[in-house]
Amino acid sequence: MKLYDSAAAPNPRRVRIYLAEKGIDVPKVQVNLREQEQLKPEFLAINPFATVPVLELDDGRHVAETIAICRYFEVVQPEPPLFGRDAYEKAAVEEWQRHCEIDGMLAIMEAFRNAVAGLKERALTGPFGYAQIPELAARGKARTARFFALLDQRLASQEFVGGSHYSVADITALVAHDFGVRTKVLATDDTPNVRRWHAVVSARPSAAA
Ligand SMILES: N[C@@H](CCC(=O)N[C@@H](CS)C(=O)NCC(=O)O)C(=O)O
């Protein structure tokens, strides 16, 4: 088994944190995104969508997409549960994981990828190449701020994003938050509950993954 990884990229970090929480060690192969290794025929044969992370099983089959990879391991090793415990918690984790991904991570990506000089013709991931639309950078930034304001409201009454236990929703939110701050898309000064939550989840050893 091996994980196609990219050390500085946010989505592979979600899988690395998840695996660290589970105590699972998977050998990693680095894909150099700056050198566009994800667009080479060898990698497209592994994942035609040209993204990392990708998990390769021992029998040669592949699983792409962060959450699909995490779900694979959730079945292989259910403890500790990271997709919720009872029916309601599983639903709440799913709901908030999707918000963190769609309204958080993708909003940050919209802002970042439509602004950064090195991605002029690569505003979207994948094999095709899409030109930047500068207006989307401003929209992505506004969406990001609004998402974290909503997350702040949620965290006023919940210890963790998915409810009372740490889950994959926290992992997506943490990685989105850190990537947003790193790329200057996100400034979080006015979100005290996010700040409190961020200190807690960042103190877990998995956050270093
Ligand atoms: N929805 C995908 C997104 C994966 C994704 O966007 N990965 C980025 C790295 S964070 C990538 O491979 N980028 C390649 C590129 O920029 O061309 C997932 O969660 O696996």
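**Exercise 1. Helix α7 in this predicted model: find which residues are exposed and which are buried, and say where each group sits on the helix.**

Solution.

Step 1. Look for the exposed residues. P192 and A199 are exposed, on the other side of α7 from the buried group.

Step 2. Now collect the buried ones. Helix α7 covers residues 192-202, and its buried residues are V194, W197 and H198.

Step 3. Check how the buried residues are spread around the axis. They cover an arc of only 105°, so they sit on the same side of α7.

Step 4. Recall a rule about helices. An α-helix has 3.6 residues a turn, so residues three or four places apart point the same way.

Step 5. Ask what the buried side faces. The buried residues of α7 pack against α5 (134-157) and α6 (168-182).

**Exercise 2. Work out the strand order of the sheet and decide which strands stand at the edges.**

Solution.

Step 1. Write down the order. Four strands make an open sheet, and they go β2-β1-β3-β4 with mixed pairing.

Step 2. Find the edges. β2 (28-30) and β4 (62-64) each have a single partner strand, so one side of each is left without a neighbour in the sheet.

Step 3. Add the twist: from one strand to the next, it averages 20°.

Step 4. See where "mixed" comes from. Strand β1 (residues 2-5) runs parallel to β2, and three bridges join the two. β1 and β3 are also joined by three bridges, but they run antiparallel.

Step 5. Pick out a residue pair on each side of β1. Y4 has V29 as its bridge partner in β2, while K2 has E56 as its bridge partner in β3.

Step 6. Put a helix on the sheet. Helix α3 (residues 66-76) lies across β3 (54-56) and β4, and runs at about 125° to β4.

**Exercise 3. Is P10 buried or exposed, and which residues does P10 touch?**

Solution.

Step 1. Place the residue. P10 lies in helix α1, which spans residues 10-22.

Step 2. Count its neighbours. P10 has 21 other C-beta atoms within 10 Å. The cut-off for buried is 20 or more, so P10 is buried.

Step 3. List the contacts. Not counting residues up to four places away in sequence, P10 touches V175 and F179.

Step 4. Compare chain and space. P10 and D178 are 168 residues apart along the chain, yet their C-alpha atoms are separated by 8.6 Å.

**Exercise 4. Hunt for unusual backbone angles: which peptide bonds are cis, and which residues other than glycine have a positive phi?**

Solution.

Step 1. Start with what to expect. Most residues other than glycine have a negative phi, and most peptide bonds are trans.

Step 2. Look at two prolines. The peptide bond from V52 to P53 is cis, with omega near 10°. E79 and P80 are joined by a cis peptide bond too, with omega about -15°.

Step 3. Place these prolines. P53 is in the loop between α2 (41-46) and β3, and P80 is in the loop between α3 and α4 (87-113).

Step 4. Turn to phi. Q36 has a phi near 60°, positive though Q36 is not a glycine. E65 isn't a glycine either, and its phi is positive at about 80°.

Step 5. Place both and check exposure. Q36 lies in the loop between β2 and α2 and counts as exposed, with 12 C-beta neighbours inside 10 Å. E65 lies in the loop between β4 and α3 and counts as partly exposed, with 16 such neighbours inside 10 Å.

**Exercise 5. Where is T183, and with which residues is T183 in contact?**

Solution.

Step 1. Find T183 in the loop between α6 and α7.

Step 2. Rate its exposure. T183 has 17 C-beta neighbours inside 10 Å, so T183 counts as partly exposed.

Step 3. Name the contacts. Apart from neighbours within four places in sequence, T183 is in contact with I108 and F112.

Step 4. Check a distance. V116 is 67 residues from T183 in sequence, and 9.3 Å from T183 in space, C-alpha to C-alpha.

**Exercise 6. Describe the residues around the ligand: which come nearest, and how does the shell divide by type?**

Solution.

Step 1. Name the nearest. There are 14 residues around the ligand, and A9, N11, T51, T66 and T125 come nearest.

Step 2. Sort the shell. It divides into six nonpolar, six polar and two charged residues.

How values were computed. Residues are numbered from 1 along each chain as its sequence is written. This is a predicted model: local features need pLDDT of at least 70, side-chain atom pairs count only at pLDDT 80 or more; totals for chains, interfaces and linings use all residues. A residue is near a molecule or strand if its C-beta atom, placed from the backbone, lies within 6 Å of it. Ala, Val, Leu, Ile, Met, Phe, Trp, Tyr, Cys and Pro count as nonpolar, Asp, Glu, Lys and Arg as charged, and the others, Gly among them, as polar. The arc is that of the directions from the helix axis to the C-beta atoms. Two residues are in contact if their C-beta atoms, placed from the backbone, lie within 7 Å. Two strands pair if DSSP finds at least two bridges between them. Axes are lines fitted to C-alpha atoms, for helices over the stretch in contact, and angles run from 0 to 180 degrees between N-to-C directions.
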